[in-house]
Amino acid sequence: MSVPLFDLSRQRTQSPSLHEATKEAVLRVLDHQEFILGKEVLIFEKEVEKRCLEAILPQGETPESASPRMPQAIGTSSGTDALLALLIAKNIGAGDAVITTPYTFFATAGCIHRVGAEIIFCDIDPATYMMDPEKLRLILGNLKRETSGVLRSAHGNHVKMVMPIHLFGTCCDMDAIMAIAKEYHLMVIEDAAQVLGADYPSIHGPKKAGAIAEMSYFSFYPTKNLGAAGDAGLAVALDPEVADQVRLIRNHGMEERYYHKVVGGNFRLDAIQAAILRVRLPYIDQWNEQRRNNAAIYKNAFAKAGLLSRIHLPSEPWAASGLKNHHIYHQYVIRIVGSADQGPQAGLRETIMAHLKKKQIGYAIYYPVPLHLQECFAYLGHKKKDFIESERAALETLALPIFPELSEKEINTVVASIAEAIS
Ligand SMILES: Cc1ncc(COP(=O)(O)O)c(C=O)c1O
């Protein structure tokens with residue numbers, strides 16, 4: 001039995017009403033012809049704020065009594081463009097430096113480079129694959145702090161921001177990162193591209209992913225847990241002035257047509273994409289739950305197959321919190337421990353991949369080359385072993401199918417095939 005890594009067509013076959021509603025949404029835009037921004041985008045922004053960014057209140061509290069600050073959502077043409085708009089809004093550019101991790105999708109470091117700032121990499125925690133707060137503290141402790149409080153990189157740039165990335169469906173150790181950022185007066189942008197609907201158990205009370213720091217962004221690339229029918233994204237800002245600035249920047253700095261207050265770009269979310277996302281948004285909790293159920297089935301199957309000493313399953317750093325959405329399994333990434341070493345597991349990941357390919361089972365490596373070793377960043381002067389955990393993760397991890405409509409039988413087939421490859 002072949003198993004795809006993704007199969008977006010199952011949404012159509014298993015939820016015909018969703019497919020019909022999607023078609024109607026597209027037709028509605030074709031009828032009203034408000035193709036650029038307009039009410040579809042505005043309504044989507046409000047709906048996503050309400051469903052995915054509103055503070056999780058302690059029992060008995062109402063929004064009025066708790067008066068939480070509500071982050072504002074600004075629809076953009078992609079997750080990458082949302083980040084670019086946020087960086088421009090905060091005037092990050094030449095002479096500045098931003099800290100982020102090298103084991104992730106390219107967008108973060110790419111945007112820092114594009115605005116002309118210096119990229120400073122911080123290695124990851126090998127258990128979660130996300131920014132290790134201790135390593136962040138070490139980097140910051142080694143930087144020069146001027147009497148004015150300005151933090152200088154080795155190249156003399158002003159270190160202004162840290163950009164942690166919530167990878168694979170769960171959040172970074174944000175309490176630790178936020179505390180360090182506060183101590184060093186750094187701004188924080190959460191890369192929340194992969195965690196729409198996830199919750200984080202902060203010591204200050206549970207928070208929604210993307211509503212922990214003062215800024216964040218999401219991606220609605222078609223294979224994301226909320227996918228558009230093309231590219232789409234969302235910038236999020238807690239400060240209304242920053243939100244207004246991002247709104248300007250996504251539209252070439254225009255409020256009034258052809259009068260440009262600032263230099264921005266065309267980072268606008270299409271009305272057709274917003275209309276489609278509006279139809280799909282109400283399903284996000286259900287889909288996240290299905291992903292989590294699939295992860296539980298994998299866990300059982302790997303344990304039953306006796307593979308847990310050979311393979312590390314994804315870690316669930318916030319499971320003990322009791323928050324249902326502590327992990328939404330955007331990806332299901334296992335680690336074939338030691339497959340990059342000379343030991344008994346040498347080359348095992350490649351053996352497994354070859355077997356999965358033969359059996360027509362989908363898989364992927366997220367991410368095969370850490371960003372500090374990418375050709376385009378050679379100018380940074382990094383070499384192998386500079387960020388050991390990121391490099392090791394790139395050599396040992398393997399993503400398996402986890403999409404919501406995946407069946408138990410398919411999951412068992414994936415695990416049985418991995419067991420065959422190992423035996
Ligand atoms: C972690 C991460 N950051 C950023 C992005 C960029 O989002 P987009 O593809 O919408 O530009 C993605 C998605 O591909 C991602 O997975």
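Q: What makes the approach of K224 to the ligand a polar contact?
A: A polar side-chain atom of K224 lies 3.1 Å from an oxygen atom of the ligand, and a polar contact is a pair of N or O atoms within 3.5 Å (within protein, one must be able to donate a hydrogen and the other to accept it, and residues adjacent in sequence count only if both atoms are side-chain atoms), so the pair qualifies. The model is predicted, and local features need pLDDT of at least 70, side-chain atom pairs count only at pLDDT 80 or more, while totals for chains, interfaces and linings use all residues. Residues are numbered from 1 along each chain as its sequence is written, and side-chain values use heavy atoms, with hydrogens and water left out.

Q: How do you know that G79 and T80 make polar contacts with the ligand as well?
A: A backbone N or O atom of G79 is 2.8 Å from an oxygen atom of the ligand, and an N or O atom in the side chain of T80 is 2.5 Å from a ligand oxygen. Both pairs therefore meet the criterion already given for a polar contact. The protein covers 92% of the 380 Å² of accessible area that the ligand has on its own, where accessible areas come from the Shrake-Rupley method with a 1.4 Å probe (for residues, only the protein chains shown count as cover).

Q: Which residues surround the ligand most closely, and what makes a residue near?
A: A residue is near a molecule or strand if one of its heavy atoms lies within 4 Å of it, and 14 residues surround the ligand, the closest being G79, T80, D191, S219 and K224. By class, the shell has 6 nonpolar, 6 polar and 2 charged residues; Ala, Val, Leu, Ile, Met, Phe, Trp, Tyr, Cys and Pro count as nonpolar, Asp, Glu, Lys and Arg as charged, and the others, Gly among them, as polar.

Q: Why is the pair E289 and K324 called a salt bridge?
A: The side chains of E289 and K324 meet at 3.5 Å, N to O, and a salt bridge is a side-chain nitrogen of Lys or Arg within 4 Å of a carboxyl oxygen of Asp or Glu, so the pair qualifies. This bridge links distant parts of the chain, with E289 in helix α11 (residues 284–304) and K324 in the loop between α11 and β12 (332–335), 35 residues apart. Helices (H or I, at least four residues) and strands (E, at least two) are DSSP runs, numbered from the N terminus. A search of the whole structure finds 24 salt bridges.

Q: Why is E396 called buried or exposed, and how does R392 stand against the cut-offs?
A: Buried means under 20% relative accessible area, exposed over 50%, and partly exposed in between (1.4 Å probe, protein chains only). E396 has a relative accessible area of 1%, so E396 is buried, whereas R392, with 31%, is partly exposed. The two residues form a salt bridge, their closest N and O atoms being 3.1 Å apart, and both lie in helix α13 (residues 388–396), 4 residues apart, about one turn of the helix.

Q: How are R349 and E350 classed, buried or partly exposed?
A: R349 has a relative accessible area of 4% and is therefore buried, while E350, at 38%, counts as partly exposed. The side chains of R349 and E350 meet in a salt bridge at 3.4 Å, N to O.

Q: What makes L27, L30, F35 and I36 a patch?
A: Patches are made of residues with over 30% relative accessible area and no salt bridge, where like charges are joined within 9 Å and nonpolar side chains (Val, Leu, Ile, Met, Phe, Trp, Tyr) within 5 Å. L27, L30, F35 and I36 make a nonpolar surface patch of about 360 Å², and L27 is found in helix α2 (residues 16–32).

Q: Why are N91 and K385 called buried or exposed?
A: N91 has 61% relative accessibility and K385 has 66%, so both count as exposed under the cut-off of over 50%. N91, in the loop between α5 and β2 (96–100), has a positive phi of about 60° although it is not a glycine. K385, in the loop between α12 and α13, has a positive phi near 80° and is likewise a residue other than glycine.
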